[in-house]
Structure formats: structure tokens, C-alpha cells
Amino acid sequence: MLAQTKHRFTVKEYYRMAETGVLKPDARVELLNGEIIDISPIGPFHGSVTKYLNHLFTAAARGRWITQVQDPVRLDEHSEPEPDLALLKTSADFYRKRHPEPGDVFLLIEVSDTTLELDQDEKIPLYGRAGVAEVWIVNLVDRTIEVYREPHFTGYASKTILRAGNEAKPQAFPDVAVDVTELLKR
């Protein structure tokens, strides 16, 4: 008996589908582990949290990093997610010729409500396997920030959950603090 297998798309095939119209120009999708995943619409709370983080990190950057919002990060040949926010190493051309890769990333942030399970179960292992140094999931459901560090082949060795009253600080830039209470107030 032959086992059924799925076809895993490459990043190159994914872009070709967009160029030829198989994927519509306004399609909200990302490529994860060779599968094309629909991205949920962004609600007001999710959008507000993303804007808050963008404002805070852009103001604090002072030339130390580039703040990227909802743009692709190429993890490998089969995965190119679009995290809500990323702090990237500076680049003179602002990544004009390629999308950032794991070695370019100081911090990735996923703001999660309807995508919480996908982010925890699918993206965290992908980010860890790719070697992304630090990932935060801003968990809008539980009003927490999940901090993942020490990447390895199945995910991350370290997970810390921050709640109201705590501050989240990027490992690469501990002088920058995100007040969890302020970030997640309604």
C-alpha cells in the first residue's frame, strides 16, 4: 500500500503562483512548512497592539535595528511567514534584494488571538528550527506575553510567560522594556 504524501511548495513556487495569478494580489496568505496558510483578518485590538509595539520599538531603535511590520522573513526553502513585528539587524539597503533570514533577526513578535494555536504549535517550532534567537507571542486571549529563547531543532529550550505587572525586554536590547499591563489593556 502506498502512503499518501502532501506536495510541499517551495518559496520559489509560492512566488511563481503569485506572479501568475494563482494567488490573487490581495490574498492574505503565508507559506509555512511548504503549505499555504490563510491569514486571519486583523481585528482592532490586534492592530492596536501591533501599532503600539511598532511605535515603541521604532522610537527606541536609534539606529540599532530596523523595525519591520507584517513583512516576510525567509526561514528556509519551504517557509516564509509574515510575523507581526521583527527587529532586524541594520542593512544599508534595507533588505532590498532579499527578505531577512533568521540570522538577520534579533526578535520576532506574533500578536495572536485567532491564530494562537497555529503560532504556538506550528510557528514556534519552525522559528526554533530555523535558529531565530528570540520570539514573543503576544497572547491576546490570556493577556500574556510568551517569551521563547534558546532555539533548537524542535522549538525553544526556554519559555517564560509574562503577565500584567511584568516587563518584556528583548534579550539583544535589555534597555528597552514593554510594560505588559500597558500593552494589553483594553
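For these notes, two strands count as paired if DSSP finds at least two bridges between them. I am working from a predicted model.

**Entry 1: the S6–S7 hairpin.** I began with the turn between S6 and S7, a hairpin with four residues between the strands. Arg-143 caught my eye there, with a positive phi near 55°. The two strands, S6 and S7 (residues 144-152), run antiparallel and are joined by six bridges. I looked up one facing pair and found Ile-137 opposite Glu-146 in S7.

**Entry 2: on to S8.** Next I followed the chain through a hairpin of two residues, which joins S7 to S8. S7 pairs with S8 (residues 155-162) in the antiparallel sense, over seven bridges. Here Arg-149 stands opposite Ser-158 in S8.

**Entry 3: back to S5.** Is S5 mostly covered or uncovered? I checked residues 105-112 and found seven of the eight buried, so by the under-20% cut-off for relative accessible area this strand is mostly covered. On one side I traced its antiparallel pairing with S4 (residues 85-88), over four bridges. Ala-86 stands opposite Leu-108 in S5. S5 also pairs with S6 (residues 134-139), this time in the parallel sense and over five bridges. In that pairing I noted Ser-112 opposite Asn-139 in S6. I then looked at the connection: S5, helix H3 (residues 116-130) and S6 make a right-handed β-α-β unit.

**Entry 4: the cores.** Which residues have the most contacts inside the largest nonpolar core? I found Leu-53, Phe-57, Val-138 and Ile-145, in a core of 26 residues. Helix H2 (44-61), S4, S5, S6, S7 and helix H4 (180-183) each supply at least two of its residues. H2 gives the largest share, seven residues. I also noted a second, separate core of 18 residues, which includes Val-105, Val-135, Ile-137 and Tyr-148.

I then listed the partners of Ile-145, leaving aside neighbours within four places in sequence. Among them are Trp-136, Ile-137 and Val-138, then Thr-160, Ile-161 and Leu-162, and also Val-178, Val-180 and Leu-183.

**Entry 5: a loop histidine.** Last, I visited His-78, in the loop between strand S3 (66-69) and S4. Is His-78 buried or exposed? Its relative accessibility is 16%, so His-78 counts as buried. Setting aside residues up to four places away in sequence, I found His-78 touching Arg-8, Phe-9, Thr-10 and Val-11, as well as Leu-31, Leu-32, Asn-33 and Gly-34.

Key. Residues numbered from 1 in each chain as written. Predicted model: local features only at pLDDT ≥ 70, side-chain atom pairs only at ≥ 80, totals over all residues. Heavy atoms only, no water. Buried < 20%, exposed > 50% of the residue type's maximum accessible area, 1.4 Å probe, protein only. Right-handed = clockwise from strand over helix to strand, strands pointing away. Contact = heavy atoms within 4.5 Å. Core = buried A, V, L, I, M, F, W, Y, C linked by side-chain atoms within 4.5 Å.
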